[in-house]
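Have your viewer ready and keep the selection box at hand. We will go from stop to stop, and at each one I will suggest what to pick and tell you what is there.

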Amino acid sequence: SCAARPRATVSADAVAALRASVEAEPSRWIADRDAAYAKHLWLDLESLTPHVSGPDSVKVATPLAALERRRVSINKAYIVSCVNSRAKDLREAADVIRAVQNARPNSPVRAADGVAWYVAAASSQVMADAQASGDWQVLVDAGAKTLPPGCGPCIGLGVGLLEDGEVGISATNRNYKGRMGSKKAHTYLSSPAVVAASAIQGFICSPATAVSGAIDSAAADTRSVRFGIENAAPSPRAGASSVGASAAAASDAISGFPTSLAGRLVFLPADNLNTDGIYPGKYTYQDDITREQMKAIVMENYDPEFSRLVQPDDVVVAGANFGTGSSREQAATALLAAGVRLVVCESASETFKRNAVNNGLLVLESPRLVQWLRKRFQSPDAAPTIVSGLDAHVGLVAGKIQLTDSSGTSVYDGDLPRIGKAAQEIIVAGGLENWVRARMAAQ
């Protein structure tokens, strides 16, 4: 929770080292004189303790000390993918096994009964380094099942996927529902050391617990993380945002760009609707998938009914942090395949916004519109996909949106970011690839 800013307790040596670094290369550390800040953030590092994310969301995190007291049993453990299977990560996991073995010299250390433990190196070179150091063999001797380097369970491919009702703990960076297997399974995220300890004990726990064989409840530290978010003074340069290099006047549209769009409003009230929810990872490497097939599976992990409900030219409105997660472009192209040309959301992942416009899909932000829709459709029984009964009339260059009901009466008027010429050119070309190809052909 937020708190008063703490007094600095960083050591004098650390401060001196930082000062020397700043003085050596001042241009790397000093902001521009006219830099503008939306907020000031601070974090008390002394309040940080190991956490585990999940289940099924990177936005949910629990102190490890609190979670291990719940003795959350696991069925599968993973140290896989390019993210946390580097040589140092494999060494970290192997060191846990070594420490447990030293504490139990008379019995071999193995994964707990009923736990399948999978290990894959981030690359062939990492695997060779881990084998040369002996870390790889330590993990194998402890019962880890080895997988080839490259994408696998992390994105829902290959063997070792989570099945209905199973619980997994993984040292990867995504744990969205359905990403690593069944949508009826649950996934937690942690460090490689915690994954190794949990695989040995059979429940989510710390390396210290794996070494001692018992949870030290007296030593548990569940204090809250101390941080602050302080609003900055408004910048005189701040103004309405735009999409593209510059904002455009209402009549300033390039040839071929639609100045307006109209369609049914389809509301997705969820926040953090991630790319796995929009386009499941198990389809990512199916290069021969057709647009009709993409249309049938869009939003499959979020709402299987979406593909049946959505119609061409619908305007999709979603909650905050839309498109968070991996950078797969199919999350944008699948929406296009379903006939969606515009997504309006409370906020969107910057990566998703870039992927979207690069493929010809417009993504605009309007917190006020989303808040208005939440109030209108607020219900504990609200469906994940709401066909609102409203029509959206969007002025893309003017930066306006109007909603009308079934009688044609206006029920909402608001502003949207305007579409600049740079983005207009990409949309007219049908995506960045076509835009570049046309530029090259013209040279």
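Let us begin with the sulfurs: a search through the whole structure, which is a predicted model, turns up zero disulfides. Select Cys-82 and Cys-151 and draw a distance between their sulfurs. Why is there no bond here, between the sulfur of Cys-82 and the closest cysteine sulfur? The gap to the sulfur of Cys-151 is 6.4 Å, which is too far for a bond; a disulfide would need the two sulfur atoms within 2.5 Å. Add a surface and you will find Cys-82 exposed, at 60% relative accessibility.

Now add Cys-154 to the selection. Cys-154 is in no disulfide either, and its nearest cysteine sulfur, that of Cys-82, sits 7.0 Å away. Is Cys-154 buried or exposed? With 9% relative accessibility, Cys-154 counts as buried.

**Zoom out: the whole chain**

Switch to a cartoon of the entire protein chain. You should be able to trace 15 helices and 18 strands. Turn the C-alpha trace along its principal axes, and the spans are about 80 × 55 × 55 Å. The chain has 443 residues, and 44% of them count as buried.

If your viewer can draw contacts, look at those with a sequence separation of 6 or more: 72% of them join residues 24 or more positions apart. With the surface on, the accessible area is about 22,200 Å², and carbon and sulfur atoms hold 51% of that. Colour by charge next. There are 44 positive and 44 negative charges, and their mean positions lie 2 Å apart.

**Into the nonpolar cores**

Select Leu-90, Ile-97, Trp-117, Leu-139 and Ile-204. These are the residues that touch the most other members of the largest nonpolar core, which has 42 residues. To see which elements build this core, colour helices H2 (64-69), H3 (87-103), H4 (124-133), H5 (135-141) and H6 (192-201), together with strands S4 (76-79), S5 (116-119) and S7 (167-170); each supplies at least two of its residues. Which helix gives the largest share of this core? That is H6, with seven residues.

Stay with Leu-90 for a moment and show its surroundings. Leaving out residues up to four places away in sequence, Leu-90 touches Ile-79, Ser-85, Val-119, Ala-121, Val-126, Ala-130, Asp-135, Trp-136 and Leu-139. Apart from this core there is another, of 32 residues; to find it, select Leu-273, Val-298, Met-299 and Phe-322, which are among its members.

**A loop worth a closer look**

Pick Asn-84, in the loop between S4 and H3. Despite the loop setting, Asn-84 counts as buried, at 17% relative accessibility. What does Asn-84 touch, beyond residues up to four places away in sequence? The partners are Ile-79, Asp-89, Ala-171 and Pro-192. Of these, try a distance to Pro-192: the two residues are 108 apart along the chain, yet their C-alpha atoms are separated by 6.9 Å.

**Backbone details**

Go next to Gly-54 and Pro-55 and show the backbone atoms. The peptide bond from Gly-54 to Pro-55 is cis, with omega near 5°. Pro-55 itself belongs to the loop between strand S2 (51-53) and strand S3 (61-63).

Two residues with positive phi come next:

- Asn-272 has phi near 60°, a positive value in a residue other than glycine. Find Asn-272 in the loop between strand S11 (260-268) and helix H8 (275-278), where it is partly exposed, with a relative accessible area of 29%.
- Asp-313, not a glycine either, has a positive phi of about 75°. Look for Asp-313 in the loop between helix H10 (306-309) and strand S12 (315-318); its relative accessible area of 36% makes it partly exposed.

**Two long-distance checks**

Select Ala-16 in helix H1 (residues 12-24). Ala-16 is partly exposed, with a relative accessible area of 39%. Measure from there to Ser-81, 65 residues apart in sequence, and the C-alpha to C-alpha distance is 38 Å.

For the last stop, choose Gln-424 in helix H14 (residues 421-429). Is Gln-424 buried or exposed? Gln-424 is buried, with a relative accessible area of 0%. Finish with a distance to Ser-85: the residues are 339 apart along the chain, and 41 Å separates their C-alpha atoms.

Notes:
Residues numbered from 1 in each chain as written. Predicted model: local features only at pLDDT ≥ 70, side-chain atom pairs only at ≥ 80, totals over all residues. Heavy atoms only, no water. Helix = DSSP H or I, 4+ residues; strand = E, 2+ residues; numbered from the N terminus. Buried < 20%, exposed > 50% of the residue type's maximum accessible area, 1.4 Å probe, protein only. Contact = heavy atoms within 4.5 Å. Areas by Shrake-Rupley, 256 points an atom, 1.4 Å probe, with all protein chains shown as cover. Lys, Arg positive; Asp, Glu negative; His and termini not counted. Charge placed at Lys NZ, Arg CZ, Asp CG, Glu CD. Core = buried A, V, L, I, M, F, W, Y, C linked by side-chain atoms within 4.5 Å.
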